Amino acid sequence: MSGAVLENSKEIPGFLLLFEKANPSDVDGVVVFGEAQKMGFVPILSGLVWGLGYFGMPQVLLRFMAIRNEKDLTLSRRVATVWVVISLTAAILIGIIGRALYPNAYLEYGSGHTENIFILMTTNILPALLAGLVCAGILAAAISSSDSYLLISASAIAENVYHGVIKKKATDKQVMFVTRIILVVIMLFAMLVATGGNQVIFSIVDFAWAGLGATFGPLMIFSLFWKRTNIQGAIAGMITGGVVAIVWNFFIAPLGGIFAVYELAPAFLLSSIAIVVVSLLTPAPSKEISDDFEFVTNK
């Protein structure tokens, strides 16, 4: 069966090529794949810069911060790499097999409906009981990620903003109360976004990935590899990355052309520049921080 699927996929112009994409259309109820479309520089660059987002993801950074022993980093790196290879390979195979088995399904690229191909395959191929368990797994994965994001966001705002800036003498009970309020507010906002009829889940994740990646990613890299990074540069980098990601997505990307590049690319670049420039224009970190940096890097 795998051989037949691969052969059928090869017959679709551009479907398995790296720098081309398939061009399906529905002509009188019959799917016709036209000549493959060339992938331009902008979509290729947009796909490549996705990897930069990992440097700023809170749920990823927290795993490193919670490591019990620095010697465990080697094992954790290997486990994470193997898991990423397995999960991304599975995702690609789902897309290839889904297109081969259901050529008439989800022809409109970017409509958001293409995300349902896994559910379509599951409900048509697997027995009802097993299909139900698999679909439940999708919900379980979504809920698991959602509660992590909710807790991280609420805790960060309550601890860093409320406890760290607004009321530094707040008790643990007061911080917990504020955390719960923020959690409810974020949850209600997420529900409002999720119920939007014209929203595509991938586009929302795409935007959030760029915002977090550009806000915290450059700072993490410079903090680890450049000892001249100071608090002023860190703040400037975070503000620049977040603002550029928002402005580029809503106002610049619609202009098209080179400006249609994924907002993570310009936001990450400008955030890095802001960190360097502001750090050099402001006082260097204290000797204590510099000594700690040297101690860690020379271990």
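Visitor: How many salt bridges does the structure hold?
Guide: Three. Keep in mind that this is a predicted model, where local features need pLDDT of at least 70 and side-chain atom pairs count only at pLDDT 80 or more, while totals for chains, interfaces and linings use all residues. Residues are numbered from 1 along each chain as its sequence is written, and side-chain values use heavy atoms, with hydrogens and water left out.

Visitor: What makes glutamate 20 and lysine 38 a salt bridge?
Guide: The term asks for a side-chain nitrogen of Lys or Arg within 4 Å of a carboxyl oxygen of Asp or Glu. Here the N to O distance is 2.8 Å, so the pair is within that cut-off. The two partners come from distant parts of the chain, 18 residues apart: glutamate 20 sits in strand 1 (residues 20-21) and lysine 38 in strand 4 (residues 37-38). Helices (H or I, at least four residues) and strands (E, at least two) are DSSP runs, numbered from the N terminus.

Visitor: Why is lysine 38 called exposed?
Guide: Exposed means over 50% relative accessible area, buried means under 20%, and partly exposed is in between (1.4 Å probe, protein chains only). Lysine 38 has 65%, so exposed it is.

Visitor: Which side chain does lysine 227 meet in a salt bridge?
Guide: Glutamate 294, again at 2.8 Å, N to O. Lysine 227 is in the loop between helix 8 (201-225) and helix 9, and glutamate 294 is in helix 11 (residues 287-297), so the bridge ties together parts 67 residues apart in sequence. Lysine 227 is partly exposed at 43%, and glutamate 294 is partly exposed at 30%.

Visitor: Where do aspartate 291 and lysine 287 lie?
Guide: Both are in helix 11, four residues apart, or about one turn of the helix. Their side chains form a salt bridge at 2.9 Å, N to O. Lysine 287 reaches 60% relative accessibility and counts as exposed, whereas aspartate 291, at 36%, is partly exposed.

Visitor: On to the rings. Why is the pair of tyrosine 54 and tryptophan 209 edge-to-face?
Guide: A search of the whole structure turns up six aromatic pairs. In this one the centres are 5.0 Å apart and the planes stand at 90°, so edge-to-face is the label. The pair joins the loop between helix 2 (41-48) and helix 3 (58-65), home of tyrosine 54, to helix 8, home of tryptophan 209, 155 residues away in sequence. The rule covers rings of Phe, Tyr and Trp (its six-membered ring) with centres within 6.5 Å: planes under 30 degrees apart are stacked, over 60 edge-to-face, the rest tilted. Both residues also belong to one aromatic cluster, formed by Trp50, Tyr54, Trp209 and Tyr262.

Visitor: Is tryptophan 209 buried or exposed?
Guide: Buried, because its relative accessibility is 11%, under the 20% limit. Tyrosine 54, at 43%, is partly exposed.

Visitor: How do you know that glycine 241 counts as buried?
Guide: Its relative accessibility is 0%. Glycine 241 is found in helix 9. Leaving aside neighbours within four places in sequence, glycine 241 is in contact (heavy atoms within 4.5 Å) with Ala214, Thr215, Ala267 and Ser271.

Visitor: Where is isoleucine 246, and why does it count as partly exposed?
Guide: Isoleucine 246 is in helix 9 (residues 231-252). Its 44% relative accessibility falls between the two limits, so partly exposed is the term.
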